[in-house]
Structure formats: structure tokens, C-alpha cells
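Hi,

Here is the structure I promised to pass on to you. Have a look at it first, and then read my notes underneath.

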Amino acid sequence: MGERNSPGPIVSIHLLQMPRDSSEPGTPQIWWSNGIFFLLTHLAAFVGVYYYPAWQVKRASLVLAFLAWQLADFGITVGYHRLYSHKAFKAAPGVRVALALLGSAGFQGSIKWWCLRHRLHHRYTDDPVHDPYAATNGLFYSHMGWIFYKPTYERMKLIERDDLDRDPVVRFQHEYYVPIALTVGFAFPPIFGCLWGDPIGSFVWAGLVSRLFIWHCTFLVNSLAHWDGLQPYSDEDTSRGNLILALLTGGEGNHNFHAFPHDFRSGPAFFDWDPSKWIIIALHRLGLVYGLRRAKQEDVSDAARYMHEKHQYGTLSESPTDESEDDWQGEIWDMDRLEKYQQGKPGKCIVLLDEFVLDVTSYLGDHTFNWAFHGGLNKHSRAANKTMRKLRIARFREGH
Ligand SMILES: [Zn+2]
Ligand SMILES: [Zn+2]
């Protein structure tokens, strides 16, 4: 994204066009350390369960295992996903630290590592090269195959990271991620287990087995939730919703709603199974989190109505995205004309996107705008496309 500043106070032109010269990356390297750790943890868990089966360990150790799974899961869903990746709400420092610690126990990388890849996933959903866990590369690959590779993500430079770099909690957790994860995930369970005289049972179940639950339940969001289920809001990508997944993932099952990724809920209905949302609401009532963001009801209803009609009648006479680019009846500008427009309007924010000039001044700070321009236009957002269409003021042609 390039930026040109003119004498006006906030005037800027943001160039958000996609690079068209991206060369295909070569075969990615195998990520040996990651793969070996992942496989060894599975092996250790199976050996541990063989020698310390559930009926031979203290019940408190099994309760701890369940809690360790759920708490790390909420660290991922509430913290890594909704707070940090999508900025769906803001949180007090204490909450951010707690979520960073819990998320570390999920052994899914640091917040920064996770969020950057997740933002790539949203921006290039289903793209076999640029989506880190593209469902189009197969169920196994999107579930866990991708973690055995260490590709260079060419489009990573287009992904917003300033907010992550600014946050001291994110910086600290990124720097000391390995010792933090090992302490919270592997050292705490046997220490707690000493309280009821079962450190080894606690380590096996709350340290090792719960790790497998955390991993595979989260991975199901990338695999199963892009494979099987309902699509009430969008069929522009493979994301789907299903209740089993919601039960296993702290409420991330309504994955088709990630057409509205900035929303702190995974669905608009209060009673959709979404404990992560209920936790955020509870923290909000306690004054610990604030700035909760919701998709515009109008956009959600539009998306749902569109999908309902499509299911009902098979085809639609009019789709919000069917309008051809060649139908543009307005003015065509070149860079000189654009700069002239900008100079006359101090304080305007002009965006150049996909060959169109957009005046987004009225949308600065608006949720829909931030969501659509989460480091660029996310691929799967029919409603965002609709909003962008409304803001067009001219078509752009270099040297016109
Ligand atoms: Zn997804
Ligand atoms: Zn997401």
C-alpha cells in the first residue's frame, strides 16, 4: 500500500490495488521443528493414556484437563481470533495479558504469528497459494497439513500489522512465546496435580491430551468449517456453519458469519451457541472490555435474504455483485485529475481500489469501512463490495 501526502491536513490517497506481477512461489520448505513437536506430542499423549488411562487417574486431573482445554480454547477464540485478528472489541491490559497467557497454552504460535496468517486467510480465502490453510488444497491440508510447511507468504506485506507491533502485550508474548507456552501448557498441570497427589496424571491429561483437543478443535474451524455445513450469509467462499463445531470450538462453529469478521459474535442471534460471545458480553458488563463491534443489521439481513432467495429460486435476477465493471457511466480520471480533486478538498480521504476512485471520508472510523479495509479488501464480503460500490466517484485510468 503506497501513500501520498499533500499539503492538506489528513489528505491521503491509499493505493490498495493488488500486485499483478506476483510470481508463483516455489515448493515451501518442510518445517521440521514444528512437525516433530506436533507428532511427538501426539505420541507422548497416546503413550501417557496407555499407562495412565482415565479410570486410573484422579478425577480432579480429568476436570483440570477439561478446564485446560476450554481455557486455552477461549484464549484462542476470544483473544487470538476476535480481539487481536479482527479487532472486534477492545480490552483492558489485564484482560489482554490473561488472553495472551491462555492462548499461549493453545500451542498455536504467538498472537502475532497467528493473527497475520489468519488475516491472510480472510483476505485470500480459498486461494491455494495465498490462503495459508486453503480448503481448496484438501481437507487434510487445511486441517493440519499446512503446519508442516514453512512457506514464504508473498502477500504478507499487504497485511496490516501495525496494531500488533504497537501492542506491548503482543510484543512480549511474541518474544517469549516458547517459554510462556511451555510453562502454561506443560508445567502448570503437574504443579496443580501435586495439590491432589496426581502430578503425572495431570500432566498426561491436562498437559498432553488437552493439547490434542485444543489443536484439533481449532483446526476443525479451518477444515470442517470450510467443508460441511450451512451457508446462510455467503457462498462466496467455502466457509460454512455447523452446530457440532460450535460445541467443540467455544462457539466458532457459525463460521459462515466470517463474512462479517469484525463482529464480536459468530452470529447475530443471541442464542446461537457461542460461549466466546457470552464471555465477551460478561467482561463488558464488568467494564473490562469495551468498543464491541457488530455488523450492521442491514448488511446481515441483506446477506441472509440474498442467500435465502438463492436457495429458494436457484438463481437471482439481480445480485449486488453482478454489476459489470464496464457499466460505469461516471467520469474517468487520471492521476492529475485525482490530485486536483484532492487538493481542493483538505481533510478528504481518497482511496484508489480496483481501478476506481473512492471517497471514503464519511466512512472513516466506521465499522464497515474498517472491516472492508482490514489491510485491504477481504475477498469474501459481498456486503463490503456493495458498500465500496456506493463510494465510487470516478474510474481511474493512468495517463488517460
Ligand atoms: Zn475460515
Ligand atoms: Zn476470522
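Below is what I found in it, beginning with a metal site and ending with a helix.

Please keep in mind that this is a predicted model.

**The zinc site**

A good place to start is the zinc ion (ligand 2). Four histidines coordinate the zinc ion (ligand 2) through their NE2 atoms: His 81, His 86, His 118 and His 122, at 2.0 to 2.1 Å. If you want to find these donor residues in the sequence, look for the spacing H-x4-H-x31-H-x3-H. The angles among the 4 donor atoms run from 91 to 171°. Why is the site of the zinc ion (ligand 2) called irregular? Four donors count as tetrahedral if all angles lie between 85 and 135 degrees, and as square planar if opposite donors are over 155 degrees apart and all others between 65 and 115; the site of the zinc ion (ligand 2), with its angles of 91 to 171°, is classed as irregular.

Two of the donors share a helix: His 118 and His 122 both sit in helix H4 (residues 111-123), 4 residues apart, or about one turn of the helix. Both His 118 and His 122 are buried. There is also another zinc ion, ligand 1, and 6.0 Å separate it from the zinc ion (ligand 2).

**Salt bridges**

Next, the charged pairs. Side chains of opposite charge can pair when their charged atoms come close. How many salt bridges does a search of the whole structure find? The count is 9, and here are some that you may like to look up.

Arg 96 and Asp 167 meet through their side chains at 3.0 Å, N to O. This pair links distant parts of the chain, 71 residues apart: Arg 96 is in helix H3 (residues 93-104), while Asp 167 is in the loop between helix H6 (162-166) and helix H7 (168-175). Arg 96 counts as buried because its relative accessibility is 18%, and Asp 167 counts as buried at 11%.

Helix H4 comes up again in another bridge. The side chains of Asp 165 and Lys 112 form a salt bridge at 2.9 Å, N to O. Asp 165 lies in helix H6 and Lys 112 in helix H4, so this pair ties together parts that are 53 residues apart in sequence. Asp 165 is partly exposed, with a relative accessible area of 30%, whereas Lys 112 is buried at 18% relative accessibility.

In the salt bridge between Glu 331 and Arg 337, the N to O distance is 3.9 Å. Glu 331 is partly exposed, its relative accessible area being 46%, and Arg 337 is partly exposed as well, at 32%. Finally, a network of salt bridges links Arg 82, Glu 252 and Asp 274.

**Helices H1 and H9**

Helix H1 (residues 32-51) has 20 residues, which should span 28 Å at 1.5 Å a residue; its end C-alpha atoms are 28 Å apart, so the two values agree. Which residues of H1 are buried? They are Gly 35, Phe 38, Thr 41, His 42, Ala 45 and Gly 48. These buried residues of H1 pack against helix H8 (177-195) and H9.

Helix H9 (residues 199-222) includes Asn 222. Asn 222 counts as buried because its relative accessibility is 9%. Apart from its neighbours within four places in sequence, Asn 222 is in contact with Tyr 133, Ser 142 and Trp 146.

Enjoy exploring, and write back with any questions.

Best wishes

Key: Residues are numbered from 1 along each chain as its sequence is written. Chains are lettered from A and ligands numbered from 1 in the order in which they are written. This is a predicted model: local features need pLDDT of at least 70, side-chain atom pairs count only at pLDDT 80 or more; totals for chains, interfaces and linings use all residues. Side-chain values use heavy atoms; hydrogens and water are left out. Buried means under 20% relative accessible area, exposed over 50%, partly exposed in between (1.4 Å probe, protein chains only). Contact means heavy atoms within 4.5 Å. Donors are N, O and S atoms within 2.8 Å of the metal (3.2 Å for Na, K and Ca); water is not among the atoms, so sites may look incomplete. Four donors count as tetrahedral if all angles lie between 85 and 135 degrees; four count as square planar and six as octahedral if opposite donors are over 155 degrees apart and all others between 65 and 115; anything else is irregular. A salt bridge is a side-chain nitrogen of Lys or Arg within 4 Å of a carboxyl oxygen of Asp or Glu. The expected span of a helix is 1.5 Å times one less than its number of residues.
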